[in-house]
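Here are some notes to go with the structure, for reading beside the sequence. They take the sheets, the helices and a few single residues in turn.

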Amino acid sequence: MRACGPAARPSAVAAAWESATGAPHGPVWLEIPQDVLLAPADVPPVTELVAVPRPLVPRPELIAEAARRLAEARRPVILAGGGVVRAGAEPELRALAERLRAPVATTFGGKGAFPWEHPLSLQSWLEDRYTTDFLEDADTLLVVGSGLGELSSNYHTFRPRGRVVQIEADLGKLESNHPGLGIHADAKLSLAALIREVDTRTPAPGGTVSGGAAPGGTASEGTTLGGTTPGGTVPAGQAPEIAEAREAHEAREAPEVAEAHEAREARETPGAPGVREAPEAAVAALLARVRDRLDGQHLDLERQLLATVREALPDDAVSCWDMTILAYWAWSAFDPRRANALHSAQGAGGLGYGFPAALGVAVADPGRPVLAVSGDGGAMYSTAELATARQYDLPVTWLIVDDGGYGILRAYMTDAFGESTAAATELTRPDFVALAESFGVPAVRTSPERLTADLAASLAAPGPSVVVLPARLRMFAATHLD
């Protein structure tokens with residue numbers, strides 16, 4: 001956008017911030033010509049500037065229909081994306097999942113939206129076909145804050161067999177990859193509304209519905225309906241009208257409530273018709289199958305390194321991951337332990353993201369340690385930022401996994417065209433320890449055995465630091481080609 005006159009500039013800045021923080025989130029270009037910016041301005045100083053994005057409130061009829069489908073579902077599953085994190089909707093997501101006993105998978109952008117070790121957590125194994133099958137098998141899949149793009153759909157191999165309900169604040173992503181019941185709204189507002197609506201439809205243990213009819217079609221005691229008092233008695237002279245209204249209400253609601261009651265019993269009863277097993281058991285079985293698949297691929301080093309990073313990283317720390325093999329592992333296998341604690345460039349896939357992003361986090365919140373993870377190829381896009389880190393004494397530890405080249409491309413080339421073609425992916429690179437020290441940044445060359453201690457010490461030290469790990473890593477086998 002462009003702003004010319006002095007009086008228009010504050011409004012233009014406010015509009016730019018509203019656009020940047022509203023859906024879809026992202027940068028905004030605000031242009032003010034230099035001659036205009038330097039010209040005298042006969043306007044008073046700005047005393048107040050409000051920049052609040054317009055709330056995206058869900059349409060009530062869509063929430064009601066989504067709640068009906070979820071309440072009646074025998075195998076509801078939730079896929080939570082980055083929209084949940086951006087909206088701060090983690091409490092609402094957990095409350096709805098536990099109310100429905102619905103397993104929850106998080107996309108790579110939605111990591112931290114749901115507790116990793118929760119009995120209903122499918123974690124983030126979206127590149128594993130077992131998880132794809134599990135999502136496809138849901139009779140109602142609730143997708144919140146995700147456009148079901150390439151990575152979230154296991155490279156577009158995902159084919160839902162049940163109904164899809166999608167909540168998405170970015171209108172361009174709504175139903176863009178799969179048809180369904182689309183709700184253009186904020187994730188937090190929508191989940192909160194769904195909880196309220198589901199509570200009126202889903203029987204609580206014991207078979208009664210709050211404010212509605214019991215499964216057998218009889219209004220529950222204490223129902224407030226058309227004049228009924230809280231104790232369940234009807235004022236004198238109104239009994240016929242109230243009774244007629246109650247009968248009509250029960251006739252409308254009883255079939256839906258009965259279906260919801262059957263669905264809840266099915267979810268809670270292992271071996272019930274249409275249900276293979278209890279949701280928590282199904283989640284545990286899925287994660288066990290994923291582990292078994294990895295066990296057969298001899299990937300002990302990769303799994304050990306990821307566990308080491310998690311052990312060394314404080315719970316309140318933020319990590320920013322470049323496009324490198326260890327980061328691709330982190331997308332699926334790393335527990336960030338809270339929302340907004342893991343950031344990566346999976347959208348654009350650009351090399352060199354990790355270290356500059358970590359510096360930005362440190363500027364915004366200098367009180368907590370920040371970890372950046374890069375490969376040697378990605379690191380060479382960002383080495384100049386060592387000067388920035390040192391100049392502003394930013395608390396960023398940069399872990400550089402040095403495998404001598406573009407590791408993931410080396411694997412792709414070798415698999416596709418043979419060993420001789422991998423030479424194109426090899427790199428001449430600097431001594432990263434010496435390079436960091438030349439900027440006055442402490443650095444250490446480590447090994448898998450020493451990584452926990454070296455990384456923890458660097459994260460605990462004030463200011464920037466570099467840890468270099470020479471290692472050649474492998475990815476787990478792709479399953480979208482099976």
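1. N340 comes first. N340 sits in the loop between α11 (325-333) and β8 (342-344). The model is a predicted one, and in it N340 has a positive phi of about 60° although N340 is not a glycine. Is N340 buried, exposed or partly exposed? With a relative accessible area of 45%, N340 is partly exposed.

2. The helix before that loop can be looked at next. α11 is mostly covered, with eight of its nine residues buried. The buried residues of α11 include I325, L326, A327 and Y328. W329, A330, W331 and S332 of α11 are buried too.

3. What does α11 meet? The axes of α10 (residues 300-312) and α11 come within 10 Å and cross at roughly 75°. α10 is therefore roughly perpendicular to α11. On the α10 side, the residues in contact are E302, R303, L305, L306 and V309. On the α11 side they are L326, W329, A330 and A333. Sorted by class, this contact of α10 with α11 holds seven nonpolar, no polar and two charged residues. Of the α11 residues named here, L326, W329 and A330 are also among the buried ones.

4. The strand after the loop of N340 belongs to a sheet. This is an open sheet of six strands in the order β8-β7-β9-β10-β12-β11, and the pairing is parallel. Which strands stand at the edges? They are β8 and β11 (443-445); each has a single partner strand, so one side of each is left without a neighbour in the sheet. Direction ignored, neighbouring strands of this sheet are turned by 15° against each other on average.

5. One pair in this sheet can be followed residue by residue. Strand β7 (residues 318-321) pairs with β8 in the parallel sense over three bridges. In this pair, C320 stands opposite H343 in β8. A helix also lies against the sheet: α12 (residues 354-364) lies across β7, β9 (370-375) and β10 (396-402). The direction of α12 runs at about 170° to β9.

6. There is another sheet to describe. It is an open sheet of six strands in the order β3-β2-β1-β4-β5-β6, with parallel pairing. Its edge strands are β3 (121-123) and β6, each of which pairs on one side only. From one strand to the next, the twist averages 15°. Strand β2 (residues 104-106) and β3 pair in the parallel sense over two bridges, and V104 stands opposite S121 in β3. α5 packs on this sheet and touches β1 (76-80), β2 and β4. The direction of α5 makes about 165° with that of β1.

7. α5 has a helix partner as well. Two packed helices are described by the angle between their axes and the distance between the axes. For α5 (residues 90-100) and α7 (residues 187-201), the angle is about 30° and the axes are 9 Å apart. The two helices are therefore roughly parallel to each other, and their crossing is left-handed. α5 contributes E92, L93, A95, L96, R99 and L100 to the contact. α7 contributes K188, L191, A192, L194, I195, V198 and D199. These residues divide into nine nonpolar, no polar and four charged.

8. The edge strand β6 holds a residue worth finding on the model. H184 lies in strand β6 (residues 181-184). At 29% relative accessibility, H184 counts as partly exposed. Which residues does H184 touch, not counting those up to four places away in sequence? They are L56, V57, E168, A169, D170, L171 and L174. G172 is twelve residues from H184 along the chain, and the C-alpha atoms of the two are separated by 9.8 Å.

9. Two more backbone details remain. H156, in the loop between β4 (140-144) and β5 (163-168), has a positive phi of about 60° although H156 is not a glycine. H156 is partly exposed, with a relative accessible area of 38%. The other detail is a cis peptide bond that joins A23 and P24, with omega about -5°. P24 is found in the loop between α1 (9-21) and α2 (34-38).

Conventions:
Residues numbered from 1 in each chain as written. Predicted model: local features only at pLDDT ≥ 70, side-chain atom pairs only at ≥ 80, totals over all residues. Heavy atoms only, no water. Axes fitted to C-alpha atoms, helices over the stretch in contact; angles between N-to-C directions. Helix = DSSP H or I, 4+ residues; strand = E, 2+ residues; numbered from the N terminus. Parallel < 35°, antiparallel > 145°, perpendicular 65-115°, else oblique. Left-handed = near helix turned anticlockwise from the far one by under 90°. Contact = heavy atoms within 4.5 Å. Nonpolar A, V, L, I, M, F, W, Y, C, P; charged D, E, K, R; others polar. Buried < 20%, exposed > 50% of the residue type's maximum accessible area, 1.4 Å probe, protein only. Pairing = 2+ DSSP bridges.
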